[in-house]
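Dear colleague,

Please find below the structure that I am handing over to you, with its sequence. My account of what was found in it follows directly after.

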Amino acid sequence: MKRLASIAFATAMALFLQGCAGWQSALDPKGPAASELAWLIWFFTGLCAVVWVLVMAALAVPLMMRSRQHAEPLTLDASSDNRKLRVVMTAVGLTAVILVGLTLLSFFANRTLAAIGSDAALTIRVTGHQWWWEVRYEDATPSRILTTANEIHIPAGEPVRLLLTSTDVIHSFWVPSLSGKLDLIPGRMNVLDIKADKPGVYRGQCAEFCGAQHANMGTFIIAEPRAKFDAWWNDQLQPAAAPTSDEAKAGGELFLKRPCVMCHKIGGTPAGGTVAPDLTHIASRQTLAAGTLTMSRGNLAAWIADPQGVKPGAHMPVVDLSGDELNAIVAYLEALK
Amino acid sequence: MRPVVALLLFASLALAACQREERDTRPQSALGSGEQPTPVTTLEPGGQRPAPTDNKAASFEANAFHLSEGKRLFGWFNCSGCHANGGGGMGPALMDEKWIYGSSMESIHATIRDGRPNGMPSFRDKIPDDQIWELAAFVRSLSGNAPSSAAPSRNDDMMAHPSENRMPDAATLGKSP
Ligand SMILES: [Cu+2]
């Protein structure tokens, strides 16, 4: 019976710890900032656990000891009083040392975090919208400035500077595997430096409640070797692929005739809306609607047919389309690699 | 027994306020698409034309959610480009008590959907019908034609005019009755 219970406990713990790895975990750091923070988390937790155990022991031991019988409880006992005083003062002193020590540790950790991006070569402007992320790559050459959404590609092993702001309410940018969180505040620019040690996909999540679809406001950091990153940037700068099939051609025309054109931009076409995600290379992304759906033809159709069913309250209205119109638009968007 | 009745009464009072906030984000096809004919002339036998009515008008005009959505879309669809923030520019002012084509929800809806001859573009296929109703409700709030309990309150950015819920009530022109 006891064996069974301990096996069950071990299995439960193993399952529980599973949650600590993967593409979104502060306990599984994949960059210098997250490593620094993970180390702090473990150190604080460990030290506080030791203090807690000691305090509990100090409480439990006297409770369990049989109290000595005093003949006269009110007699003064100078040596025992002195001992008590010394014990209490030592505890107070140790508390002060621990608190100051932890404060210093977090201070120096903060300095390390701030130094990560001091030589960042790449600056990305991330703007929070209800409920998606606008991502703009800055460049000294205006024609190389790139705007995309929800997916942030970075070169692995290089520090990257993120400039965070918002157009509506306060959001918070948090990619636990790479760094701590920082708010996106309307009218203010916050700076967050990140670095991914190795190529990989790291999930991020809005971490400040921002309305109905806060939970479905995810983002992805895709760290790639430098050459691959440069190739990606060059691809994304290209205007949208011209439709080839008749169906896709019809879809492209419909996109311009229907409400889609009021909100979305597709580079190389008259669609120039800036209030919704840029769709120039929508099919090259891995997810739809800020990590809500994986990218596929079916999900694209589901989203366009009924965005309010997928993400109720999202700022994309249901557009009345016939089945054929929907298919045509999906065929068009699906080819925008 | 008594407390239960009191509780029920209280609950029904509290729920009555929910209509203000009700959030219909899907088109209400049961209410139709608001397809009333647009008048092409002001010449009418007998003068006044009977105003068309639409079921949708009522469900949009006193609803805080639709009004604030309308406010957001007014900026998104660049109505301000021609109407400024309601003060008027190339297009007429929308925050005064003068209406060229009528102040009802139905006529403003028709204005936005079908356009008007002297330069107001038609947004028929460019804005889904429910969003046109939201815009119409918001346009009315600019001139104090929406209940102040539902109209949008202060802006987050620069205020071009008093917030919509502080506009003088159009019915009484701001004077207390
Ligand atoms: Cu949020």
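I begin with A:Ala290, which has a relative accessibility of 2% and therefore counts as buried, the cut-off being under 20%. Please bear in mind throughout that this is a predicted model. The position of A:Ala290 is in the loop between strand 11 and strand 12 (293-294) of chain A. The backbone deserves a remark here, as phi of A:Ala290 is near 60°, a positive value in a residue other than glycine.

Two further backbone features may be set beside this one. In chain B, B:Asn78 is not a glycine either, yet has a positive phi of about 55°. B:Asn78 belongs to the loop that runs between helix 3 and helix 4 (80-83) of chain B. In chain A, the peptide bond between A:Gln130 and A:Trp131 is cis, with omega at about 0°. A:Trp131 is located in the loop between strand 1 (122-129) and strand 2 (132-137) of chain A.

I turn next to the metal site. The copper ion is coordinated by A:Cys206 through SG, A:Glu208 through O, A:Cys210 through SG and A:His214 through ND1, at 2.0 to 2.6 Å. Along the chain, these donors follow the spacing C-x1-E-x1-C-x3-H. The angles among the four donor atoms run from 87 to 126°, and the site is tetrahedral. Why is A:Cys206 counted as buried? Its relative accessibility is 2%, and buried means under 20%. For A:Glu208, the relative accessible area is 31%, so this residue is partly exposed.

The remaining findings concern internal space. A search of the whole structure gives three cavities of 30 Å³ or more. The largest cavity has a volume of about 520 Å³. Its lining comprises 35 residues, and those nearest the centre are A:His264, A:Ala276, A:Pro277, A:Trp303 and A:Met316. Two or more lining residues come from each of these elements of chain A: helix 6 (260-263), strand 11 (287-288), helix 7 (297-305) and helix 9 (323-334). Helix 7 of chain A contributes the most, with three residues. By character, the lining of the largest cavity divides into 27 nonpolar, five polar and three charged residues.

Where does the largest cavity lie with respect to the domains of chain A? Domain 1 (122-237) and domain 2 (246-334) of chain A both give residues to its lining, so the cavity lies between them.

The second largest cavity holds about 150 Å³ of space. It is lined by 18 residues, of which A:Gln308, A:Pro317, B:Glu69, B:Gln131 and B:Glu134 lie nearest the centre. In chain B, helix 3 (64-76) and helix 6 (129-142) each supply at least two residues of this lining. Helix 3 of chain B gives the most, with six residues. The lining of the second largest cavity is made up of seven nonpolar, six polar and five charged residues.

For a first look at the model, I would suggest the copper ion with its donors A:Cys206, A:Glu208, A:Cys210 and A:His214, followed by the largest cavity between domain 1 and domain 2 of chain A.

With kind regards

Key
Residues are numbered from 1 along each chain as its sequence is written. Chains are lettered from A and ligands numbered from 1 in the order in which they are written. This is a predicted model: local features need pLDDT of at least 70, side-chain atom pairs count only at pLDDT 80 or more; totals for chains, interfaces and linings use all residues. Side-chain values use heavy atoms; hydrogens and water are left out. On a 1 Å grid over the protein atoms alone, a cavity is a set of points where a 1.4 Å probe fits but cannot get out, and a pocket is an open set with protein on both sides within 12 Å along at least five of seven lines; lining residues have an atom within 4 Å of a point. Grid points are joined across faces, edges and corners, and a volume is the space filled by probe spheres set on the points. Helices (H or I, at least four residues) and strands (E, at least two) are DSSP runs, numbered from the N terminus. Ala, Val, Leu, Ile, Met, Phe, Trp, Tyr, Cys and Pro count as nonpolar, Asp, Glu, Lys and Arg as charged, and the others, Gly among them, as polar. Domain bounds come from an automatic or database domain assignment. Donors are N, O and S atoms within 2.8 Å of the metal (3.2 Å for Na, K and Ca); water is not among the atoms, so sites may look incomplete. Four donors count as tetrahedral if all angles lie between 85 and 135 degrees; four count as square planar and six as octahedral if opposite donors are over 155 degrees apart and all others between 65 and 115; anything else is irregular. Buried means under 20% relative accessible area, exposed over 50%, partly exposed in between (1.4 Å probe, protein chains only).
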